[in-house]
Structure formats: structure tokens, C-alpha cells
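Student: I have a model open in front of me and would like to learn how to read it. Could you walk me through it?

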Amino acid sequence: MNGVPEVQPAPGAAPRARQDRPVKVAHVVLALNVGGLERVVLRLLERMERGRFTPVVCALQEPGALADELERLGVPLVVVARKPGLDPGLSVRLASWLRREGVRLVHTHNPGPHLYGALAAALARAASLPARDGGGPRVVHTKHGRNYPTDKRKVLVNRVATALTDRVVAVSDDARAVALEVERVDPAKVVTILNGVDTEVFRPGDAVAARSRLGVPAAGYHVGCVARLSPEKDHATLLAAFARLREVRPDAHLTLIGDGQLRPALEQQASRLGLVGAVTFAGTRGDVAELLPAFDVFALASLTEGISLTLIEAAAAGLPIVATRVGGNPEILREGETGLLVPPAAPETLAAALEAVAVRDDRAEMGLRGRARVVERFGIDRMARAYEDLYDEVLGG
């Protein structure tokens with residue numbers, strides 16, 4: 001991580017806040033649909049110490065497909081709906097809700113919720129009596145990705161929101177660099193907290209059982225990918241690379257776990273490439289941890305990433321990885337030791353890397369080295385404790 005500590009307290013930061021009762025924390029999201037950001041939020045809610053923090057989720061669009069998990073976690077959900085386009089009144093409505101609920105900390109996730117949540121917290125603070133509620137809610141924002149660093153309008157929006165934010169959490173060195181160098185966030189506000197996974201859930205398993213569960217061939221060289229079927233994941237390049245791989249490895253099979261708007265187009269592409277029967281579109285699955293052992297290698301062809309949760313999960317499952325050199329991917333795997341990195345949108349290079357992994361004598365050891373790295377750096381409890389420490393720092397400031 002280039003020597004950057006996972007949490008960097010601001011100079012002169014106050015000591016941990018001591019609370020007589022749990023602090024109410026509102027996580028502001030667009031919706032809890034299927035994706036890495038949403039799963040990070042859910043795992044954070046699951047691991048947060050309830051004696052210190054009482055979480056609630058506020059969605060600005062809809063509950064989302066994963067909202068049912070909140071009932072299992074005992075976390076309430078409210079929808080404060082955003083009107084189409086720019087909705088200045090949303091921050092006013094959010095501010096009223098924050099005050100009614102007695103929210104002390106607002107934790108926003110990605111740009112839209114950041115802007116509206118930070119403005120709402122500022123309005124709530126302006127209307128609060130310090131003696132009654134500590135001066136109103138503070139704001140922590142997690143920057144889950146790069147957030148369009150070349151889009152000047154979106155960069156400006158992020159700068160405005162950040163001016164009203166106490167701390168910005170970068171989930172990778174790459175996201176940190178964008179925050180500092182592009183969005184010009186005050187370095188004292190920026191901390192790095194790596195995404196975490198449960199390494200007891202995601203671990204090596206029985207390949208034969210996993211392949212049976214998926215309904216794919218028991219033998220052969222299996223390539224797997226878990227990602228939304230959306231443009232930024234660039235499954236089209238992965239399919240093109242896989243077609244080239246099949247020319248030298250006719251026993252290869254590709255499984256794509258995930259769904260999305262591009263599924264019909266990708267199924268048509270697979271058919272044009274003569275891959276019918278060699279590619280399984282598994283759709284959205286809730287048993288990914290049990291399915292990952294089916295694969296011999298995990299492939300990710302993304303054009304952009306923050307720090308891929310599915311890549312960390314795959315490494316935790318003991319899989320060697322071939323991924324594009326974008327975003328935080330190089331921070332997860334070590335080139336040549338736990339996987340191979342390739343440029344984006346380069347199907348021939350991706351195919352060559354997949355073939356190279358297939359013939360390596362130490363393929364299994366690559367995966368085990370990757371798992372050891374995840375256990376050391378990307379554990380779920382480590383992530384949760386880092387956020388709790390950050391909450392305490394902000395509330396005590």
C-alpha cells in the first residue's frame with residue numbers, strides 16, 4: 001500500500017469519543033442492489049459493535065434487491081425519495097429526518113448520496129442546539145471507486161460535498177490518489193480503509209461439488225468471473241479472450257456469475273464466437289462462496305475499479321487471478337506471485353495470461369499465496385474496527 005497506513009488520523013485529532021449510549025449512524029445509499037458497494041455496507045452493518053453504534057440505512061431511490069438482509073441484521077431502512085434530476089429539496093427532507101431520528105453520524109456511499117447527505121447534515125447542524133445533541137451530525141464518506149475523475153462537473157460536485165465532510169475514506173491507494181490529486185481533498189481529511197471479506201466464509205473448497213452445484217463440466221480448465229453484466233466490467237473483452245483461449249485449450253469452460261443490462265448482448269456475442277455450451281451464464285447467485293471453488297482461475301476484465309470485492313473474495317477462496325491493471329486491482333494481487341495483471345480492453349493479452357496460468361506448475365500455490373495476503377490485509381473484522389475507530393475520532397473532534 002505504498003507505505004500508507006490503513007487509517008490516518010488527522011494531526012491533533014481528539015481522543016476516542018466516550019458515549020453513554022449507542023450513537024445512531026445513518027448510512028446513506030442510493031439503494032441496496034447487487035454490487036460490491038452494497039455488500040461492503042451490509043458487512044459493515046453486520047460487524048458493527050451495537051453497544052457503541054446503532055445503524056440505520058437511508059435509501060434515496062428504492063430499498064433494492066438486498067434490502068431483505070437488513071431484517072436479518074435488525075437494521076431499519078427508510079426511503080427518502082429523490083426526485084428526477086437535481087433535487088435541492090432532498091437535502092432539506094433528509095435534514096428533517098436526521099434531526100427527528102437523532103442521527104449523530106452520517107456515513108455516505110458514493111457521489112449522489114455524498115452530496116445530498118453532506119448538505120443535509122450541514123442543515124441539521126445549523127438547526128441544532130449544541131447542548132442538546134452535540135451540535136448535529138458529523139459526516140464520513142466512503143469513496144468506493146474513482147468516481148469519474150475526468151468529468152469536471154462530477155469532480156466539482158465531489159469537491160463541494162467534501163467541503164462539508166469530516167473524513168473521506170478511500171478504499172484503495174488509487175482512490176486516495178484521485179481524492180488528493182484530482183478532487184483536491186485536504187490530506188488531513190483522507191484516510192484509507194481497505195474493503196474486507198469474511199475469510200472463514202470465502203475459503204478453498206471442493207471443486208467437484210462446486211461444479212456440480214453450478215451444473216458445469218466436472219473436468220477441464222475452468223475460468224470464472226463474478227461481476228455485474230454492465231459496461232465497466234467489459235465482459236465483451238473477456239468473451240473475446242476466452243474464444244482465443246479455446247483455440248489452444250478446447251477443454252476450457254467459462255462461467256459468468258452476475259446479471260445486468262448487457263446479458264442479451266453478451267449471450268449473442270458468445271453465440272457468434274461459437275461458445276455455446278462452453279460459457280455458462282449463471283445469473284445472480286446468493287451462494288458465491290460455495291461456487292468459487294469450481295474455478296481454476298478467476299478473471300476480471302474491468303475497465304475501471306475502486307477495489308474489487310469479488311477479486312478479494314476470489315483470492316480468499318484460494319484462486320489465482322488474472323485481472324486488468326486498473327484502480328485498486330494491483331493492490332490486491334502481486335504480479336507473478338498470486339496472479340497476472342493485463343491492460344484493459346486487450347483480449348489477446350488476457351487470453352495469453354489465462355493460458356499462462358493454466359500451464360503453471362505452481363497454479364495452486366499462487367492461489368494459496370493470494371489467500372494468505374487477503375487474510376493479512378483484507379479481513380472483515382479489521383475493516384469494521386477501522387471504521388469504528390474513525391467514527392470515534394470524528395465524534396470526538
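**Reading the surface, the fold and a helix pair**

Tutor: Happily! Let's begin with the outside: the protein has an accessible surface of about 16,400 Å², and carbon and sulfur atoms account for 52% of that. Keep in mind that this is a predicted model.

Student: What share of the 397 residues is buried?

Tutor: Buried residues are 55% of the 397.

Student: How many helices and strands are there in the protein?

Tutor: You can find 16 helices and 13 strands. The radius of gyration is 22 Å, close to the 21 Å given by the globule rule for 397 residues, so the protein is as compact as a globular protein of that length. Along the principal axes, its C-alpha trace spans about 70 × 40 × 40 Å.

Student: And what about contacts along the sequence?

Tutor: Take the contacts between residues at least 6 apart in sequence: 74% of these join residues at least 24 apart.

Student: Now for helix packing. What describes two packed helices?

Tutor: The angle between their axes and the distance between those axes. Here, try helix α1 (residues 36–47) and helix α12 (residues 309–316): they pack at an angle of about 65°, and their axes are 9 Å apart. Angles from 65 to 115 degrees count as roughly perpendicular, and α1 and α12 are therefore roughly perpendicular to each other.

Student: Which residues in α1 and α12 meet?

Tutor: From α1, look at G36, R39 and V40; they meet L309, T310 and E313 in α12. Sorted by class, this contact of α1 with α12 has two nonpolar, two polar and two charged residues.

Methods
Residues numbered from 1 in each chain as written. Predicted model: local features only at pLDDT ≥ 70, side-chain atom pairs only at ≥ 80, totals over all residues. Heavy atoms only, no water. Axes fitted to C-alpha atoms, helices over the stretch in contact; angles between N-to-C directions. Helix = DSSP H or I, 4+ residues; strand = E, 2+ residues; numbered from the N terminus. Parallel < 35°, antiparallel > 145°, perpendicular 65-115°, else oblique. Contact = heavy atoms within 4.5 Å. Nonpolar A, V, L, I, M, F, W, Y, C, P; charged D, E, K, R; others polar. Rg over C-alpha atoms; globule rule 2.2 N^0.38 Å. Buried < 20%, exposed > 50% of the residue type's maximum accessible area, 1.4 Å probe, protein only. Areas by Shrake-Rupley, 256 points an atom, 1.4 Å probe, with all protein chains shown as cover.
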